[in-house]
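Welcome! Let's look at a few labels used for a protein model and see where each one comes from.

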Amino acid sequence: MTSPMYIQSVPVFKQMLSAMKAVLAKAEAHAIAHAVEPDAYLQARLFPDMFALLKQVQIAADFARGVCARLAGVAVPANEGQEKSFADLTAMLEESLLFLDSLQAAQFANSEERQIILRPGTPKERKFGAQAYLSHYGLPQFFFHVTTVYAILRHNGIQIGKKDYMGAY
């Protein structure tokens, strides 16, 4: 039997990262077709105190990799956050998807019994049971950033809709 923690994490993250990759491709194609400087989209925000689109994509991918790695009991892959272009973001998302593909369902066996500790040894240390970590922290954080990417692009005139947001399922 496949671990419920695997089913609730890896396929969900893969679906949404793949959809986000496709949405970014549409944004890049729109920029080229309309002679819009790519940074107009990459640095766009919904409000001045929010992160730009580029950072939203990075954070979403970081959550996908980090949550799955912690649940699988493997090292969280490092990402330097040096992406500056649509091509860089696409490459980073492809690497993230390859990482998720490398995880085996067996690595998640009994993971619901794991304790996840974020920022260990710091005043911001936070301890979670694995199910709470996934359901109440990891997935909501991830979906916030994915949704914000979609909203920034839609707000800036990219012709995308719910089907684009959802991707293949």
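The questions below deal with two packed helices and a histidine.

This is a predicted model, in which local features need pLDDT of at least 70 and side-chain atom pairs count only at pLDDT 80 or more, while totals for chains, interfaces and linings use all residues. Residues are numbered from 1 along each chain as its sequence is written, and side-chain values use heavy atoms, leaving out hydrogens and water.

Q: Why is α2 called roughly antiparallel to α4?
A: Helix α2 (residues 10-33) and helix α4 (residues 53-72) pack at an angle of about 160°, with axes 10 Å apart. Angles over 145 degrees count as roughly antiparallel, so α2 earns that label against α4.

Q: What makes up the contact between α2 and α4?
A: Contact means heavy atoms within 4.5 Å. Among the residues involved are Phe-13 and Leu-17 of α2 and Ala-60 and Phe-63 of α4. The contact residues divide into 13 nonpolar, no polar and no charged.

Q: How do you know whether α4 is largely enclosed by the rest of the structure?
A: Buried means under 20% relative accessible area, with a 1.4 Å probe and protein chains only. Since 17 of the 20 residues of α4 are buried, α4 is largely enclosed.

Q: Why does His-145 count as buried?
A: His-145 lies in helix α6 (residues 130-155). Its relative accessibility is 7%, so His-145 counts as buried. Leaving aside neighbours within four places in sequence, His-145 is in contact with Gln-56, Ile-59, Ala-60 and Phe-63.

Notes. Axes fitted to C-alpha atoms, helices over the stretch in contact; angles between N-to-C directions. Helix = DSSP H or I, 4+ residues; strand = E, 2+ residues; numbered from the N terminus. Parallel < 35°, antiparallel > 145°, perpendicular 65-115°, else oblique. Nonpolar A, V, L, I, M, F, W, Y, C, P; charged D, E, K, R; others polar. Buried < 20%, exposed > 50% of the residue type's maximum accessible area, 1.4 Å probe, protein only.
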